[in-house]
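Me: Hello! I would like to learn how to read the features of a structure, one step at a time. Could you guide me through this one?

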Amino acid sequence: VRSRDDLLAVVSHDLQNPLASILLEVKSILRLTPADEEQEAGRMLRECAEGIEETTTRMIALTNELLDLARSEEDGVQLHLQPVESRKLVEDALRSASPLAEAKRITLAAEFIDSPRLEADPDRILRVLSNLLGNAIKFTPGRGTITVRAERRGDDVSITVADTGPA
């Protein structure tokens with residue numbers, strides 16, 4: 001187990017620099033690409049670059065999660081609690097998942113029922129939501145629907161992910 005954790009930490013750390021380079025390059029492409037909606041090629045290039053940017057950002061978050069996991073085995077999990085809007089968390093997670101959903105023609109929806117502020121570690125909550133949405137997209141057939149619902153339950157906030165995939 002210790003060897004596995006060490007390997008995860010090394011691989012995650014070693015992936016950080018190439019991923020950061022990809023992110024910097026794609027940001028340069030986005031800066032240089034005109035946002036002219038009249039030019040189809042420019043619009044398509046911008047959309048592709050934005051997709052690469054989002055995917056690279058998620059990959060960096062995953063490598064950070066692996067590093068955190070390796071550290072947590074030694075030091076315990078460190079949460080960075082702060083006030084966050086549950087609506088913003090859900091919207092950010094849906095925005096990150098939208099390229100994968102669009103590729104399968106899956107509709108992403110959100111339902112907010114009194115979605116309050118909460119004390120949470122937004123990065124960790126986004127990782128959990130991203131994993132849940134990724135699994136939902138993976139197992140939902142094309143043209144299906146995935147709904148994320150946030151609602152208050154007493155002093156807590158409940159966020160659920162429901163999909164039209166197999167039960």
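Reply: Gladly! Let's begin with a term: a pocket is an open set of grid points with protein on both sides within 12 Å along at least five of seven lines. Keep in mind that this model is predicted.

Me: How does one find such empty space, and what is the volume of the largest pocket here?

Reply: Rolling a probe the size of a water molecule over the atoms shows where empty space is left. In this model, the volume of the largest pocket comes to about 600 Å³. Its lining has 20 residues, and Arg-58, Ala-61, Ser-96, Leu-126 and Ser-130 are the closest to the centre. Helices α2 (40-75), α3 (86-103) and α4 (122-139) each give two or more residues to that lining.

Me: How do the lining residues divide into nonpolar, polar and charged?

Reply: There are seven nonpolar, five polar and eight charged residues in the lining of the largest pocket.

Me: Now the surface, please. Which residues make the nonpolar patch?

Reply: Leu-7, Val-11 and Leu-15 make a nonpolar surface patch of about 260 Å². Leu-15 belongs to helix α1, which covers residues 2-32.

Me: Why does Leu-15 count as partly exposed?

Reply: Partly exposed lies between buried, under 20% relative accessible area, and exposed, over 50%. Leu-15 counts as partly exposed because its relative accessibility is 38%.

Me: And where is Gly-134?

Reply: Gly-134 sits in helix α4. With 28% relative accessibility, Gly-134 also counts as partly exposed. From Gly-134 to Glu-91 there are 43 residues in sequence and 15 Å in space, C-alpha to C-alpha.

Terms used
Residues are numbered from 1 along each chain as its sequence is written. This is a predicted model: local features need pLDDT of at least 70, side-chain atom pairs count only at pLDDT 80 or more; totals for chains, interfaces and linings use all residues. Side-chain values use heavy atoms; hydrogens and water are left out. On a 1 Å grid over the protein atoms alone, a cavity is a set of points where a 1.4 Å probe fits but cannot get out, and a pocket is an open set with protein on both sides within 12 Å along at least five of seven lines; lining residues have an atom within 4 Å of a point. Grid points are joined across faces, edges and corners, and a volume is the space filled by probe spheres set on the points. Helices (H or I, at least four residues) and strands (E, at least two) are DSSP runs, numbered from the N terminus. Ala, Val, Leu, Ile, Met, Phe, Trp, Tyr, Cys and Pro count as nonpolar, Asp, Glu, Lys and Arg as charged, and the others, Gly among them, as polar. Patches are made of residues with over 30% relative accessible area and no salt bridge: like charges are joined within 9 Å, nonpolar side chains (Val, Leu, Ile, Met, Phe, Trp, Tyr) within 5 Å. Accessible areas come from the Shrake-Rupley method with a 1.4 Å probe; for residues, only the protein chains shown count as cover. A salt bridge is a side-chain nitrogen of Lys or Arg within 4 Å of a carboxyl oxygen of Asp or Glu. Buried means under 20% relative accessible area, exposed over 50%, partly exposed in between (1.4 Å probe, protein chains only).
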